[in-house]
Amino acid sequence: MTLIRKEVSHMDFGKYIAHRGLHSELVPENSLTAFRLAVEKCLSIELDVRLTKDCRIVVFHDNDLMRMCGIEGKVFDYTYEQLSAFKLKNSDEKIPLLSDVLKTVDGKVPLLIELKGGAPFGELESRVDHMMKKYKGEFAVQSFNPFSVMWFRFHSPKVTRGQLISKYRKNIDLEYIERFICAQPFIWRFISKPQFIAADLRSISFETAFQAVDIDADLLTWTGRGKELIETASQFSKTVIAEQFPDDFDFSDNWEESCE
C-alpha cells in the first residue's frame with residue numbers, strides 16, 4: 001500500500017538521499033570520497049555538521065570521536081587543526097570542513113544538512129546560515145532540536161527547514177525522552193513549523209504521514225538500509241534517506257529529469 005498525498009513543492013531531493021554520503025566498508029561516512037561518489041550517482045546528500053573548539057564547521061555525525069577515529073574526547077574539545085590529524089576509520093580520509101564539502105559538491109546535487117548539538121544555541125545555526133548564503137546550490141537544514149529549526153524560521157525563513165522525529169526506543173534515557181517529546185505534532189505546529197518532517201522508519205506510521213499532510217509538510221523517511229528497507233520506506237514517503245545500496249541498485253528513476 002502506498003500513501004497518496006498532496007505534493008508540496010518545497011524542495012525536490014529526488015527519490016533517494018545518500019545518508020552521510022555514499023559510504024561503505026571501504027569508504028567512511030561523511031567523507032569527501034563518500035560525497036564524490038554520491039555526486040557521481042546523482043544522489044542528494046545528507047550530512048551532519050558540528051562546531052569545533054575554534055568554531056570551525058566540520059562534517060561529523062557523533063558527539064565523540066571514538067567510533068569513527070578511535071580517539072577519546074568530543075569534537076567540541078578539539079580545534080580543527082587537532083582534528084585534522086585524525087583519520088576516519090581505517091582510511092586516509094580526514095574529518096572534512098563543511099567548506100570543503102561545498103567545494104566538492106559544487107551545487108551538482110541538493111544537500112540536506114543536519115545540525116547537531118554541542119555548541120551554544122544559535123552559534124552553529126548562525127555560522128551555517130552565513131556560510132550557506134554564499135553557496136550556489138540547493139540545500140535544506142534539519143534537526144531533532146525544534147529550537148534549532150525555529151532559529152531558521154525566524155532568522156532565515158527562505159531556507160527550507162525540516163524537523164527530524166523518532167519515537168524509537170532503544171533505552172529509556174534522557175535522549176529518548178527528548179526525542180519522544182520532539183516527535184509530537186504540537187512541537188511542529190507551534191515551534192519549528194517545518195516544510196518537511198523526516199521520520200525514523202523504525203517508528204513511522206501512516207498516522208505520522210497524515211499529520212505531516214495536516215501541516216502542509218513533505219514527509220521523508222530515514223534510514224532505509226538495504227534494498228528491502230528502502231522499498232518499505234518508499235511506501236510512506238516519496239523521498240528516502242538511505243544507505244547500503246546493493247551494487248546492482250537501479251538509480252535511474254531517482255529523478256523525473258536528469259540532475260545534470
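**Notebook: helix H1, the cores and the cysteines**

I started with helix H1, residues 32–40, and found Leu32, Ala34, Phe35, Ala38 and Val39 buried there. Looking down the axis of H1, I see these buried residues fall within an arc of 160 degrees, so they line one face of the helix. This is a predicted model, by the way.

Next I asked myself: what covers the buried residues of H1? The cover includes three strands, E1 (16–19), E2 (44–51) and E3 (57–59), along with helix H4 (98–105). Just past H1 I came to cysteine 42, and its phi is positive, near 65 degrees.

Then I turned to the nonpolar cores. The largest has 52 residues, and Ile45, Leu47, Val49, Leu111 and Phe245 have the most contacts inside it. I picked valine 49 for a closer look. Setting aside neighbours within four places in sequence, I found valine 49 in contact with residues including Ile57, Val58, Val59, Phe60, Leu98 and Ile113. Glu114 and Lys116 are also among the contacts of valine 49. Apart from the largest core lies another, of 13 residues, with Leu65, Leu88, Ile95 and Leu97 among them.

Last, the cysteines. How many disulfides are there? I count zero. Why does cysteine 69 not form one? Its closest cysteine sulfur, in cysteine 55, is 20 Å from its own, too far for a bond, while the cut-off for a disulfide is 2.5 Å. I also checked burial: cysteine 69 counts as buried at 15% relative accessibility, and cysteine 182 is buried too, with a relative accessible area of 14%.

Definitions and conventions
Residues numbered from 1 in each chain as written. Predicted model: local features only at pLDDT ≥ 70, side-chain atom pairs only at ≥ 80, totals over all residues. Heavy atoms only, no water. Buried < 20%, exposed > 50% of the residue type's maximum accessible area, 1.4 Å probe, protein only. Core = buried A, V, L, I, M, F, W, Y, C linked by side-chain atoms within 4.5 Å. Contact = heavy atoms within 4.5 Å. Helix = DSSP H or I, 4+ residues; strand = E, 2+ residues; numbered from the N terminus. Arc of directions from axis to C-beta.
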